[in-house]
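Student: Please take a close look at one strand in the interior of this model and at what surrounds it. I would like one connected answer.

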Amino acid sequence: MKLKEEIRKIAEYQNSQLPKPEKRSEIALDAIVEKALAAQKNNTLDFSKLIHIRIKQADKLRKIKLYEPFSPEALFCVYLKRILDRKYHPKYPNRNEFMHSLFDVTNALKDMGDYTIFRFDFEDFFNSVSSIYVYYKYLSSCPVERWELDLLKDFAEKTQYAFAGLNTSNILCEIAAKEFDTLLLQKITQRGAIYYRRYIDDGIIIFNQHIEKQECESLICEAINDTFFDINYKTTKQCKTKINASKTKYIAKRDMVTTGNQYCFDFLGYLFVLENEPRKNKTIFHYGLTESKRVKYQDRINRIVKEYAESSPRNLELLRHQIKAFSSRTVYQVTRYKTVIWKSKGLISNYCELSPRINQLTYETEYFLKNTVKEAFAHCGLSIPYFLKGDTEKSIYNLYCNLRKNRTLLFVELIGIDRNTLEKMCKQIGVDTTGVITYEKLVREYLIRVKVGH
């Protein structure tokens, strides 16, 4: 693909993600593309022109860095990511596949005589990986055109680290972390590891025997040193990668047998609670959501109900649709460059492994799933509306009920909600359906209106 055509596609995609009032015109996009190409040709790209932003996610304040939207640097940052994607074909982890395999392993653990679980986390992972180091160790021999390699080098030297927020950061970290995975697997397989997964900066190892905590930490630190601190690649900015000691979790079955205590660990938002059953020497598992995830989703429904309470006039029908969408798994399709992509959203989708284990939930998770919507009304000092007063065990507005039944809002015209039904749903919440509007456009407008997003 020619450079101009690819930069144009990048600009068009970024434009497509903007709200309608903020979208650039075709003429404006032409000027943006020409400016970017001129900057590259005249060597005036300045990848050090990073904007520092703080964003709040749940109860955390994250620092990210990015480029001015539609700037030449922003467009070429995406271009460099695409180059690396094409040359290295990184296999980004599938969260649901990871969790499915982990639940399968924990199911086997309950009958094992001995085992060790070690959960670890990289501290400030993206910001700790030196882009200059990654360039010299992994990218300097990348089979691309000379000017593209020079651009990669300039980008690495100017950015210095794979900062969170940059389009390239994920792949730069994954290229290095792939070697980490290989080295660590070689070490732990010899010691009886039956399970290892790393999802970006979160990792977990399960051994079929007892391994001391100090040895677990030593194995990981050795792999970190070999990957991120190779003495053959001394650069002006070295990596800072290390284990986050505060998030390390060590569980050995023999400790449970000895102490009789309950142990727990979390992974990707799921909570695993373990205790030993003395009479049969088996492990009993309970599953749930971590406290931070429960708070995150409670805050989300609280905001929806609060917005309803503060609106004038109050739109109860819109609120009903919003709560139904919040409480369900939402599946729809989007088209990107003639490719159809399936998307699935919502708590039930994100934590689908709890569905077949509905009778093994922790008390806190079960209470949350059954009561979170009603508690949002109590939080705002509102009485419960008519559609929440029925049988909770059968309600389509209840997370617990919908998780148990894996209830789905399927916005796929031929096999799910048809166009006529979708138009009725849109009209009920004030979405204009007049004119020639595609099914996908109606889905987009509906999902944005009910706070699912698109």
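Tutor: The answer starts at one strand and works outward.

This is a predicted model, in which local features need pLDDT of at least 70 and side-chain atom pairs count only at pLDDT 80 or more, while totals for chains, interfaces and linings use all residues. Residues are numbered from 1 along each chain as its sequence is written, and side-chain values use heavy atoms, with hydrogens and water left out.

The strand is β3, residues 116-121. Helices (H or I, at least four residues) and strands (E, at least two) are DSSP runs, numbered from the N terminus. 6 of the 6 residues of β3 are buried, so the strand is largely enclosed by the rest of the structure. Buried means under 20% relative accessible area, exposed means over 50%, and partly exposed lies in between (1.4 Å probe, protein chains only). In a regular strand, side chains alternate between the two faces of the sheet. Both faces of β3 are covered. Thr116, Phe118 and Phe120 are buried on one side. Ile117, Arg119 and Asp121 are buried on the other.

Now the pairing. Two strands pair if DSSP finds at least two bridges between them. β3 pairs with β5 (residues 202-207) in the antiparallel sense, over 6 bridges. Within that pairing, Phe120 has Gly203 of β5 as its bridge partner. β3 also runs antiparallel to β6 (residues 249-252), joined by 4 bridges. There, Phe118 stands opposite Tyr250.

Next, Tyr196. This residue lies in strand β4 (residues 193-199). At 9% relative accessibility, Tyr196 counts as buried. Tyr196 and Phe118 are 78 residues apart in sequence, yet their C-alpha atoms are 9.7 Å apart in space. Contact means heavy atoms within 4.5 Å. Leaving out residues up to four places away in sequence, Tyr196 touches Phe120, Phe180, Asp181, Leu184, Leu185, Ile188, Ile204 and Ile205.

Phe120, Phe180 and Leu184 return in the largest nonpolar core. A nonpolar core is a set of buried Ala, Val, Leu, Ile, Met, Phe, Trp, Tyr and Cys residues joined through side-chain atoms within 4.5 Å. The largest has 70 residues, and those with the most contacts inside it are Ile7, Phe76, Phe120, Phe180, Leu184 and Ile220. Helix α8 (residues 169-189) gives the most to this core, with 10 residues. Another core lies apart from it, with 49 residues, among them Leu109, Ile206, Leu268 and Leu403. Back in the largest core, Ile7 touches Val33, Ala36, Leu37, Leu75, Phe76 and Tyr79, again not counting residues up to four places away in sequence.

Helix α8 also holds Glu174. At 9% relative accessibility, Glu174 counts as buried. Glu174 and Lys91 are 83 residues apart in sequence and 8.6 Å apart in space, C-alpha to C-alpha. Beyond four places in sequence, Glu174 touches Tyr92, Arg198 and Ile200.

α8 helps to cover another helix, α6. α6 (residues 131-139) is mostly covered, with 8 of its 9 residues buried. Those buried are Ser131, Ile132, Tyr133, Val134, Tyr135, Lys137, Tyr138 and Leu139. Their cover includes α3, α7 (146-159), α8 and α9 (213-228).

α3 (residues 72-88) leads to charge pairs. A salt bridge is a side-chain nitrogen of Lys or Arg within 4 Å of a carboxyl oxygen of Asp or Glu. By this rule there are 26 salt bridges. In one of them, Lys81 and Asp85 meet at 2.5 Å, N to O. The two sit 4 residues apart in α3, separated by about one helical turn. Lys81 is partly exposed, with a relative accessible area of 24%. Arg357 and Glu353 form another salt bridge, at 3.1 Å, N to O. Arg357 counts as buried at 13% relative accessibility, and Glu353 counts as buried at 8%.

A further pair is Glu423 with Arg419, the closest N and O atoms being 3.0 Å apart. Both lie in helix α16, 4 residues apart, about one turn of the helix. Arg419 is partly exposed, with a relative accessible area of 24%. Elsewhere, salt bridges that share partners join Arg8, Glu12, Glu26 and Asp30 into one network.
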